[in-house]
Amino acid sequence: MRWISGGKLVLPDRVVENGSLLMDGDKIISLCSDCPAGAERVDAEGGYILPGFIDLHVHGGGGADFMDNTLEAIRAVARAHCAHGTTALVPTTMTCPDEILEQFITCYLDVKRGETGGADLLGLHLEGPYFSAASKGAQPITQSRTPEKEKLERILALGKGEILRWDAAPELENMAMFAAVMKRHGVMAAIAHTHATAGQTEQAFAWGFSHVTHFYNAMTTFHKQNRHMFAGVIEATYLNDGVSIELIGDGCHIPKQSMLLALRIKGADNIALITDAMRAAGTDAAESILGPLSTGTPVVVSDGVAQLKDFSSYAGSVATMDRVLRVAHGEYGIPLAQVCRMLSLTPARLCGVTGRKGSLEAGKDADIVLMTDSYQVRRVYVRGELRHPADG
């Protein structure tokens, strides 16, 4: 048993001064005030005791990318983000040929059978390839691709139930079919890299799309088209209470006012804060590769964000989840309990794992982050095991 005390305990609705918790094995046993006999004492040193962060949208970190398609690359990303407080994550792909995507899924399944040495893997997020070339961002899209039912079924079958979410632009052809296939397989259909109008977005919600990927980025808002004015994805999403969103929290992709507006309208229970991190996250690299080493896109890291070399678009972030917390709470002024809901509990709900992850509660996995008063990570436990620092 381990008894963690002497810190501020961050719960979904409040921060408890001088809080403590008891864990035994891989579970939290109780939130308590006294140390049981024989328990190992861990001093939070006046800092914060938080639930482990869950990153719904992450491509890489620590110099590796999930789509390098090696077991070691997947483990390296999981370890790199764990060192910054992420105890569970959803590996994210990007637009690529089908054979590379299928290789990645197979590689992921091999890693999932064992341990990463870092963050847990919760499932897969397929970002692309069914996107609008007009809103491609840094996605390597030269022309839009149309989903085919047979191909969707083949990839979903290959995933063996591990594919949690698939992103697409709903204005493309065959999107009603796409949404129906996702619903039948229990996969979240999410809107991303889209040039849709509000009307097309509302139709997508009716088909079953229920989430919007990196909200604000690579999508439409109020605009003029063919001499007429149209609302966009942003307005349609704000008007639909049942649709969740995610926000890149690196302090570069989304201005303070835009994040606060999203929080006021959607609420913390419908917002997941994400990194959208690429391989340079957690490193000091000035140049890097977005996507697989062999076929990816060269990028530069400038002003705290990855960008295409011509600076025409951001190319993913280099953030880790502790930086996201410092931006949302320290720079944007969002109360800590709300920030932690968006970093932990809401992502857990969207992944279907709130029964075991996402908050500090008795019976849940002992995924715990100890931070200093300045929100620097000191220790990270994943299912009760000290993963960072690895040597204790």
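User: Which residue of β20 stands opposite E287?

Analyst: V300 stands opposite E287. The model is predicted: local features need pLDDT of at least 70, side-chain atom pairs count only at pLDDT 80 or more, and totals for chains, interfaces and linings use all residues. Numbering starts from 1 along each chain as its sequence is written, and side-chain values use heavy atoms, with hydrogens and water left out. Strands (E, at least two residues) and helices (H or I, at least four) are DSSP runs, numbered from the N terminus. Two strands pair if DSSP finds at least two bridges between them. Here β19 and β20 run antiparallel and are joined by 4 bridges.

User: What connects β19 and β20?

Analyst: The two strands form a hairpin, with 6 residues between them. In that turn, G291 has a positive phi of about 95°.

User: What is the strand order in the sheet with β19, and which strands stand at its edges?

Analyst: The order is β19-β20-β21-β22, in an open sheet with antiparallel pairing. β19 (287-290) and β22 (314-317) stand at the edges. Each has a single partner strand, so one side of each is left without a neighbour in the sheet. On average, neighbouring strands are turned by 40° against each other, direction ignored. Further in, β20 (residues 297-302) and β21 (residues 305-308) run antiparallel, joined by 4 bridges. V299 stands opposite L308 in β21.

User: How many strands form the sheet with order β6-β9-β10?

Analyst: This open sheet has 3 strands, and the pairing is parallel. β6 (53-58) and β10 (120-121) are the edge strands. β9 (residues 86-91) is joined to β10 by 2 bridges. L121 in β10 is the bridge partner of L89.

User: Which helices lie across β6 and β9, and at what angle to β6?

Analyst: Angles run from 0 to 180 degrees between N-to-C directions, with axes fitted to C-alpha atoms, for helices over the stretch in contact. Helix α8 (residues 321-331) runs at about 105° to β6. Helix α9 (residues 336-351) runs at about 60° to β6. Each lies across β6 and β9.

User: How do I read the buried side of a helix, say α4?

Analyst: An α-helix has 3.6 residues a turn, so residues three or four places apart point the same way. Buried means under 20% relative accessible area, exposed over 50%, partly exposed in between (1.4 Å probe, protein chains only). In α4 (residues 175-184), the buried residues are M175, F178, A179, V181 and M182. They fall within an arc of 160° seen down the axis, so they line one face of the helix. The arc is that of the directions from the helix axis to the C-beta atoms. In contact terms (heavy atoms within 4.5 Å), these residues pack against α3, β12 (163-168), β13 and α5. G186 follows α4 and has a positive phi, near 70°.

User: Which residues touch the most other members of the largest nonpolar core?

Analyst: A nonpolar core is a set of buried Ala, Val, Leu, Ile, Met, Phe, Trp, Tyr and Cys residues joined through side-chain atoms within 4.5 Å. The largest one has 97 residues. W166, F178, F209, L247, L273 and L325 touch the most other members. Helix α2 (residues 98-112) gives the largest share, 8 residues. Another core lies apart, with 15 residues, including I28 and Y381.

User: Where are the cis peptide bonds and the positive phi values outside glycine?

Analyst: Most residues other than glycine have a negative phi, and most peptide bonds are trans. A cis bond joins G128 and P129, with omega about 15°. Another joins H388 and P389, with omega about -10°. P129 lies in the loop between β11 (124-127) and α3 (149-159). H193 has a positive phi near 40° and is buried at 5% relative accessibility. A218 has phi near 60° and is partly exposed at 24%.

User: How many salt bridges does the structure hold, and which residues pair with D120 and D269?

Analyst: It holds 27. A salt bridge is a side-chain nitrogen of Lys or Arg within 4 Å of a carboxyl oxygen of Asp or Glu. D120 pairs with K357, the closest N and O atoms being 3.1 Å apart. The two are 237 residues apart, and both are buried. D269 pairs with R341 at 3.0 Å. D269 is partly exposed at 44%, while R341 is buried at 17%. D120 and K357 also belong to a network of salt bridges, with R356 and D365 among the other members.
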